Structure formats: C-alpha cells, structure tokens
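User: Please take a close look at one chain of this complex, chain C, and tell me how it is built and how it sits against its partners.

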Amino acid sequence: MSATDLAPVAPLPDRGGPQQPLVIARDLRRHFPIRSGFFGRRTGTVHAVDGVSFEVVKGETLGIVGESGCGKSTTARLLVGLIALDEGDIIFDGDRLGDQLSLRELRRGVQMVFQDSYASLNPRLTIEDSIAFGPKVHGMGEGQARRRARELLASVGLEPARFAGRYPHELSGGQRQRVNIARALAMAPRLVILDEAVSALDKSVEAQVLNLLADLKEERDLTYVFISHDLNVVRYISDRVMVMYLGEVVEIGPAEAVYARKAHPYTAALFAAMPSMDPDARTEEPPLAGDPPNPIDPPTGCRFHTRCRFAEAVCAAVKPALASVPGEARGGEARAEAHVAACHMLVAGSGHSAAGGAA
Amino acid sequence: MLAYLLRRLVYVVPVALGVSLICFMLVHIAPGDPLVAVMPLDATAEQEAEMRAAYGFDKPLPVQFGLWVAKAATGDLGRSIATGRPVAGEVMTAVGNTLVLAAAASLIGFPLGLLFGFVAGYFRDTGVDRAVTALAITGVSVPNYWLGMVLVIVFSVTLGWLPAMGAGPGGSRDWGWDAEHLRYLVLPAVTLAVVPMGIVARTVRALVGDILSQEFVQALYAKGLMHGGVLRHVVRNAAPTALAVMGLQLGYLLGGSILIETVFNWPGTGFLLSNAIFQRDLPLLQGTILVLALFFVAVNLLVDLAQTVIDPRIKRT
Amino acid sequence: MAVITESIVAPVERTQGYWSGVARRFRRDPVAAGCAVLLLLLILAAIFAPYLGLADPYAGSMARRLRRIGTPGFPLGTDELGRDMLARLVYGGRLTLFLGITPVVAAFSIGTVLGLVAGYVGGRTNTVIMRLVDVFFAFPSVLLAIAISGALGAGIVNSLVSLTIVFVPPITRVAESVTASVRSLDYVDAARASGAGAFTIVRVHVLGNVLGPIFVYATSLTSVSMILAAGLSFLGLGVKPPEPEWGLMLNTLRTAIYINPWVAALPGLMIFVTSLCLNLVSDGLRSAMNVRD
C-alpha cells in the first residue's frame with residue numbers, strides 16, 4: 001500500500017470490505033524492562049500487555065475497561081504504534097503492520113486522543129498550528145493545512161476566527177479536548193483511539209463532547225476504540241466492551257450482554273465497585289478489595305485468583321482460555337458478535353466445582 | 001535500604017575510575033612529550049630510561065593508565081619536578097592545612113547561613129527577608145579572591161588588627177593550635193565562608209518558605225499549635241535538604257579554597273597547585289587534583305548516605 | 001454552513017505570544033531591568049573603548065606610578081606601571097567579559113545538543129552521555145577549570161577551552177532532564193502518532209519548550225564563569241601581561257595594597273559589580289519566564 005498515489009492526507013480507502021475487521025490484534029505482548037544501576041542493567045520485567053487478542057469491527061465503538069495499570073493504555077499505544085510490539089501482530093484492514101504496512105501508513109489510519117487535554121497540546125503553538133502539524137508532515141502545503149485546520153475547528157464546534165490563533169492556556173478543558181479531537185481528525189483517520197478522552201472533563205462538558213464524538217463518527221464513518229474507567233460512559237457509547245485485568249483480556253462481548261451477564265468474576269466485581277444512585281440497585285456482592293497484584297511477577301494460572309472469591313486450586317494452576325459464555329442467545333454467531341470470558345467456571349470439565357462435569 | 005547503600009557504594013567505583021582517567025589525561029593533553037613534562041629538567045639519560053620503563057610511556061595509553069592507577073593505589077603519585085620529593089607526601093601535608101581552613105570556614109558560614117535563611121524564610125516578604133536575600137546574592141556574586149584582598153586592606157593594612165599572609169608567625173608553613181596561629185586563620189576563613197553562607201541562606205530561605213506555605217502547616221495552626229511547635233515541624237522537614245546542601249558546600253570548599261590560599265599564602269592544596277602551575281610541575285598538579293577530586297567524591301557519597309539515613313521520605317530500594 | 005465557510009477565511013484573532021509576555025514582565029522588575037541596562041553599558045563601553053577618548057591603556061610611566069583615585073588627569077589613579085586605571089578598566093572589560101561569556105555560550109550550544117540527544121533518544125545513548133557527565137560532576141568547578149588550564153598552560157584559547165569543558169556537564173544535565181520531561185508529554189506522542197520524524201518533532205515541539213529553561217540556567221552560570229575566568233588570569237593561567245584584564249590586573253596590583261590599596265581593589269570591584277548584575281538579571285529572567293527550579 002502506498003500513500004503517494006493519494007492526494008495528501010485524503011481518507012484511506014476501504015480495502016477489505018465490510019466483512020474485514022478494521023483491526024485484528026493477535027496475541028499482543030509488550031514487556032517493559034526495569035533497569036537500574038550505573039549501566040542500567042535489566043533487573044526485572046513489567047508484563048504490561050501479555051497476550052492480548054481482539055478485533056475491531058468497521059464502524060463500531062469498542063469500549064475497553066479495567067483498573068488503572070491493567071494495560072488498557074499500553075494496548076492503545078500499541079495500536080497507534082507509539083510503543084513497539086515485542087510479539088504479536090496488528091492487522092489493519094487486511095494489511096499486517098511490518099511487512100504489508102509501514103508504521104507511517106498505520107498512523108495515517110489510526111489516531112489517538114489523550115486524557116490530559118493540556119499536556120497533549122504544545123503550549124508554544126497556536127491551536128491552528130497544532131492541528132495543521134500532522135497534515136504538513138504528510139506533505140500538505142502550508143495554506144491547505146491551515147484551511148483544513150480551520151474547517152476542523154468549525155466541525156468540532158469552535159469558531160475558527162476566534163480560536164485558530166489562540167494558545168492552549170487560553171482555552172477551557174472542554175475546548176482543548178475538542179482541539180485534540182480536531183487534531184486527530186486532521187489526519188483523516190479511519191480509527192480513533194480515545195484514551196480516557198473525556199475522563200478529566202466536568203460531567204456537563206463530558207456529555208457535550210460525547211455527543212460531538214457520536215456526530216463525528218456518523219459524519220466521517222469512523223471507528224472508535226474508547227478506553228475509560230467510567231463504566232456508565234462506556235456503556236453509553238460502546239457497541240462492544242472488552243474487560244482487561246493485569247495485561248490480559250478477561251471478557252469481551254456486546255455491551256448489553258456483558259453488562260447484563262458479567263460472566264467473569266472480575267467483571268462482576270468491577271461493576272459491584274461502581275457506585276449506584278439507586279439504593280435498591282446495590283449489589284450484594286463484595287466490591288473489589290485491595291490493589292492489583294504486582295505486574296512484575298503476575299500470579300500463576302488465572303491472574304485474578306488472588307482476589308477472586310470463587311478461586312479454587314485449579315485457578316492457580318491452569319490459565320483459563322477465553323471461552324464462549326454459555327446460555328448467550330447470540331453466542332457463536334459471528335466471531336465479532338461472540339461473548340467470551342476467561343474463567344474456569346464457564347467451562348464444563350475444567351476442574352472447578354462451579355463448572356459442570358465433563359461435557 | 002541496605003541494598004541501596006551497597007549499590008551507592010558500588011556506583012562510586014566507575015566514577016572514581018573516570019576521575020582518575022581525567023587526571024591521568026591531564027599530563028597527556030599538556031603540549032609536548034608527556035615524558036618530558038613529568039621529568040626534572042636536569043634528568044640524566046639513565047633517569048629518563050628508568051621513568052620511561054616505570055610509567056610505560058612507550059606502551060599504549062590504556063596500559064599506561066593501568067600502570068598509573070596501580071601506582072596511585074599504592075600511594076605513589078610520582079615525584080615533584082621542582083622539589084624532587086614524592087608528590088603524595090606534599091599533597092597530604094597540604095590537604096591537612098586545607099581541611100583546617102575549610103573546617104573553619106564551615107564553622108563560620110553554615111551557622112550564619114542557616115540563621116539568615118531561616119529568619120528570611122520565616123518572615124517572608126518583609127524588610128528582613130529582603131536584606132538577607134540581598135546579602136545572599138552579594139555573597140554568591142562576590143569574587144572571593146577579591147574579597148580576601150579587601151579584607152586584608154581593611155583589617156591588616158588599614159587597621160593593623162590581623163596578619164595578612166601565611167599560616168603562622170614568620171611565614172610559617174606549619175599549622176598549630178594556638179592563639180597566635182588562630183589569628184592567621186581568621187581572614188582566610190571568613191573570606192572562604194562568604195559563598196557557602198550565601199548559598200546555604202538562599203536554600204534554607206526557599207525551604208522554610210515552601211514548608212510554611214504547605215497545607216500541613218496550616219493544619220498545625222488550626223490544631224492550635226503555637227509558633228514553637230510549628231517551628232519544630234519546619235526544622236524537621238528542612239533538615240535533610242539543608243544538610244545535603246551543606247555537605248556539598250563542604251566539598252566545594254576543598255576545591256574553592258585554591259584562589260583564597262593564593263591570596264593569603266596559606267600553605268594548603270591551593271598554594272601547592274598555584275606553585276605547580278607557576279613551575280609547570282605536572283606530576284604535582286596531577287597528584288593534587290586527583291587527591292582533591294577523590295576527596296570530593298567521598299564527601300558526596302557520605303552526604304548521600306547520611307541523607308538516606310536521616311530522611312524518612314527517601315525509602316530507596 | 002455559509003457562516004462557517006466565511007469564518008474559515010476570515011482573519012484570525014491573534015493573542016499575545018509567549019516572548020512578549022516575558023519581555024513585559026521583565027521590564028516591570030526594576031532591579032533586573034536596571035542591572036540589564038548597566039550590563040549593556042559595560043558591554044558597549046568595552047566594545048567602543050577606542051572611541052571614548054580614553055588614555056592609552058598600555059602607555060605607562062615610572063614617574064607616575066600608583067597615583068591615587070581623583071588625581072587630576074587620572075580620575076581612577078594609575079597602576080603599578082603608571083598606566084591610566086580608567087582606561088585599563090574600560091579596556092579590561094573587553095577581555096574579561098569575552099572570557100566570561102564565551103564559554104557559557106559555547107557550553108550552552110554543546111550541552112543543549114548533548115542533553116537533547118540524551119533526553120529524546122534515551123536508552124543506551126542516554127546512559128553513555130549522562131554517565132560521562134557524572135564523572136565531570138565529581139570535580140568542583142574551580143578545580144576542574146584549574147586542572148585543565150594548568151595542564152594546557154596559560155593563554156586565552158586554553159582558558160576558553162577549559163571553562164567550556166567545565167560548563168558543558170551542568171548544562172547537559174539540565175537539558176537532559178527538561179527534554180526527558182517534555183518528551184513524556186502527550187503532545188510529543190501525538191506528534192509521533194502523526195508520523196513525524198524525530199528531527200521534525202524536536203524542532204517543532206521539543207526545542208521551543210526546552211530552550212527557555214536551559215537558557216535561564218545558562219545565564220545563571222555566566223556570573224560564575226566571569227569570576228572563574230578572571231580567577232584563572234589572577235592565577236596566571238589566562239591572559240598574559242601587559243593585556244588589560246580585570247583578574248590579571250588584580251593580581252599584578254596585589255603588591256600595591258600597602259601603597260595605594262583602593263586603586264588595587266578597583267579591578268575586583270568591576271568583577272563583583274558585573275557578576276552581581278549577571279546574577280540579578282538571571283534571577284529576573286527566571287521569574288519573568290516562570291521557570292521553576
């Protein structure tokens with residue numbers, strides 16, 4: 001695939017057709033070395049993302065939830081190529097990153113909006129210059145890039161004549177986040193990764209930005225990966241939800257199914273820890289206690305067994321694979337529509353007392 | 001913490017080796033043949049051959065460095081060109097005298113710096129604060145070799161109260177602990193104390209001001225604690241950093257006294273260095289610098305270790 | 001939609017940039033602004049010394065040695081060889097200011113590049129550069145300057161070289177830490193995600209945000225550099241006689257303190273005033289640019 005035959009920074013064409021997932025992440029692994037001493041010897045490893053596989057279907061919003069440190073941000077950065085993969089494949093619309101697709105080409109198709117709206121804008125550049133930077137890098141002329149920047153400002157609801165020449169510190173948090181969205185869209189991406197993009201905003205502003213995101217998605221035929229610790233927001237915006245724990249995927253499925261069933265005990269605990277406004281809606285399950293274990297030396301078997309109230313011997317010994325959740329009406333129809341979770345209790349014959357006998 | 005202390009000790013080894021390498025290179029960056037540079041002018045051919053073999057000047061540089069370090073480790077820093085005496089002995093006598101001067105300057109500069117800094121920080125944005133700040137910035141800006149001259153002009157030449165030169169009566173080069181010798185110590189020690197006093201005062205002022213503006217101090221007042229009680233908290237929070245700064249300054253005093261010693265003819269390392277420079281006595285220059293730099297490395301290490309032990313916030317693993 | 005299209009081509013409201021704000025805040029600080037003016041006057045006087053109608057700074061006479069301050073014809077007296085002190089002090093500023101400021105400028109350039117590379121590239125490159133810097137930090141600055149100068153021998157070039165070597169490590173350390181902290185900010189990641197190369201990112205996004213703090217730090221070293229440069233000459237390691245240079249003048253006049261002490265102290269006073277001004281200007285810049293320590 002070459003970008004040279006396209007006009008500078010035009011949207012990439014759909015190559016694989018609607019049935020081809022936009023992104024296939026296969027067994028992603030990223031370990032961070034811990035260095036110390038005078039010459040920085042490697043003294044340990046953080047298993048930030050450890051064998052994560054999922055697909056992002058064209059046109060959907062995939063929500064990723066989990067506690068801080070579970071690897072959701074690392075996963076996001078892997079998808080944009082900000083962090084190099086140790087192992088695994090990223091396949092973007094049928095082209096594998098590395099041999100069929102260059103990093104530069106991937107970044108044309110995937111853009112990211114960060115949590116800290118202030119830190120993600122260069123304080124010395126005007127809003128306009130910040131948005132125009134990406135297109136210029138890809139060979140767009142100065143005037144054209146400026147024009148695109150202003151068009152985008154208008155489409156995220158900031159009047160260009162008033163805002164283009166301003167500096168980030170002259171904007172409110174919500175306005176800055178709109179600029180960050182415009183900057184991401186300046187590259188005409190097909191996938192936008194929103195890493196806690198609305199988490200730092202006031203509730204009222206958050207709602208406005210979420211509505212803006214929904215409008216932009218429709219107008220520009222975008223696909224979103226939406227990372228948040230706020231389960232309500234994820235439910236509102238996502239078609240499917242992926243739950244991560246200590247660098248692994250523990251559950252993934254359609255949003256309503258995951259929210260209704262909470263098949264993995266970790267998912268259930270995460271929801272139980274969520275405060276509810278309705279006294280009657282409070283669950284009897286105990287909320288999640290303690291901090292996640294040290295990712296330098298993660299637990300054996302199921303990584304959640306140290307905090308799981310259903311843990312049995314098998315959980316510490318054998319790592320459970322993702323298996324379809326029994327009793328789901330839509331389970332197994334299409335892979336992307338499947339509801340799967342990694343828990344021994346869901347697999348008959350796994351050795352867990354809560355699972356059925358041999359099937 | 002023990003592991004940290006051990007690692008910190010191990011970390012000193014490459015730094016000390018690097019310091020030795022720089023000192024070793026001093027003779028080699030000097031223009032001309034290094035052998036000629038470290039030999040007496042009237043050396044015989046025999047002596048020359050002996051030196052060449054001893055230092056391995058015909059061998060590659062890394063081998064030479066190894067030989068030099070091995071000799072230095074056993075206390076052999078070569079012989080002074082000017083006097084022919086072993087460098088190590090000369091340096092050790094001089095280091096003793098420099099330490100006397102540095103210690104005296106610390107005893108004058110540190111308490112004054114602490115006092116001024118504390119007062120200025122506590123009464124921030126008052127006249128006292130501005131006066132101390134002005135004094136501190138004057139202290140760091142003044143070329144101390146000039147200040148020494150001015151003090152001599154005032155207290156020796158004009159008033160005739162104190163001696164201007166040397167470490168004892170009759171230009172004595174030997175230090176002794178008696179009233180007569182102490183009189184000779186006053187002017188150089190005061191001169192040397194000015195810069196560390198300024199730096200300590202600045203640091204402590206900033207520290208105290210920061211601590212007082214923190215919320216926990218407001219909480220202490222809210223709890224009904226009186227000024228004395230609050231002060232105790234401030235001192236405990238400021239102490240580790242203040243100690244670290246003073247430790248570093250003590251290290252700098254060892255190197256910073258060079259110019260002062262020249263002004264006052266104080267028979268310390270600075271005097272030795274200035275002689276070595278004047279006579280282009282490279283072995284003496286090299287040996288003195290090496291000893292002083294290693295001393296500085298050791299002081300830094302001690303400061304770091306002391307801080308780890310004192311400051312409960314630093315839990316280094 | 002028509003309104004928006006119009007808005008896109010309309011002239012854009014410009015707000016005040018960063019540097020004009022700094023200049024405004026600096027001007028409002030009377031001490032710093034006053035010192036800046038005084039420094040400027042000293043520098044201008046040094047540059048235009050030949051046109052100020054001063055006496056010949058090299059012409060001495062044994063008949064008029066060590067005249068007092070206020071002697072008619074010699075407003076600041078004469079030195080130990082009967083040369084006019086006023087002329088020598090003005091001319092002396094040329095070498096002293098040059099020897100004091102040049103090493104900091106050179107070290108600023110070298111240290112910024114080293115620090116940017118170490119901070120932006122990170123990894124092994126960072127380890128190599130920063131450990132080297134650590135070794136130089138094991139020397140007190142006076143000691144290092146005297147060691148290198150002493151080995152190289154006296155002379156203007158050697159003095160510049162040794163002082164530059166003294167100031168590269170501290171500037172590198174500051175540049176590295178500022179660069180590393182900017183590099184970890186999201187806007188650098190956003191620039192990387194847009195596919196820009198390292199060089200473009202450093203030029204557009206990193207440099208503008210690190211140069212300010214590094215510059216302020218470098219200005220704070222200028223006063224030390226001046227004192228050290230004059231100190232090297234004082235020790236006989238910098239400028240050679242009969243050149244007028246404040247440190248050297250202070251040294252040669254040392255013998256005169258019993259005869260005419262206040263004339264002997266004048267060159268040092270010049271060093272002191274200049275270094276005080278440099279420190280106060282640097283402090284003023286620091287607060288005008290909102291640089292935290």
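Analyst: What follows describes chain C first, then its two contact sides, and then some points on the partner chains.

This is a predicted model, in which local features need pLDDT of at least 70 and side-chain atom pairs count only at pLDDT 80 or more, while totals for chains, interfaces and linings use all residues. Residues are numbered from 1 along each chain as its sequence is written, and chains are lettered from A and ligands numbered from 1 in the order in which they are written.

Chain C has 11 helices and 0 strands, where helices (H or I, at least four residues) and strands (E, at least two) are DSSP runs numbered from the N terminus. Its radius of gyration, taken over C-alpha atoms, is 24 Å, well over the 19 Å that the globule rule (2.2 Å times the number of residues to the power 0.38) gives for 293 residues, so chain C is more spread out than a compact globule. Along the principal axes, the C-alpha atoms of chain C fill a box of roughly 90 × 50 × 25 Å. Of the 293 residues of chain C, 50% count as buried, a residue being buried if 20 or more other C-beta atoms lie within 10 Å of its own, exposed if 12 or fewer, and partly exposed in between, with C-beta atoms placed from the backbone. Among contacts in chain C with a separation of 6 or more, 69% are between residues 24 or more positions apart, and two residues are in contact if their C-beta atoms, placed from the backbone, lie within 7 Å.

The unreviewed UniProt entry places the feature "transmembrane region" at residues 31-52, 95-123, 135-157, 214-237 and 258-281 of chain C; UniProt positions are given in the numbering used here, feature names are shortened, and annotations may be inferred rather than shown by experiment. In the model, residues 31-52 of chain C are 77% helix and 0% strand, with end C-alpha atoms 27 Å apart, while residues 258-281 of chain C are 88% helix and 0% strand, with end C-alpha atoms 36 Å apart.

Towards chain A, 27 residues of chain C are in contact with 37 residues of chain A. The elements of chain C that give two or more residues to this side are α1 (2-9), α5 (123-137), α8 (186-193) and α9 (198-234), and α8(C) gives the most, with 7 residues. By class, this side of chain C has 12 nonpolar, 9 polar and 6 charged residues, where Ala, Val, Leu, Ile, Met, Phe, Trp, Tyr, Cys and Pro count as nonpolar, Asp, Glu, Lys and Arg as charged, and the others, Gly among them, as polar.

Towards chain B, 34 residues of chain C are in contact with 41 residues of chain B. On the chain B side, the elements that give two or more residues are α1 (2-29), α6 (127-141), α7 (144-158), α10 (227-264), α11 (269-278) and α12 (282-310), and the residues of that side divide into 33 nonpolar, 8 polar and no charged.

As for the partner chain A, its mean pLDDT (the predictor's confidence in each residue, from 0 to 100) is 84, and 87% of its residues reach 70 or more. Residues 1-6 of chain A stay under 50 in pLDDT, as do residues 329-333 of chain A. In helix α1 (residues 72-80) of chain A, 9 of the 9 residues are buried, so this helix is largely enclosed by the rest of the structure.
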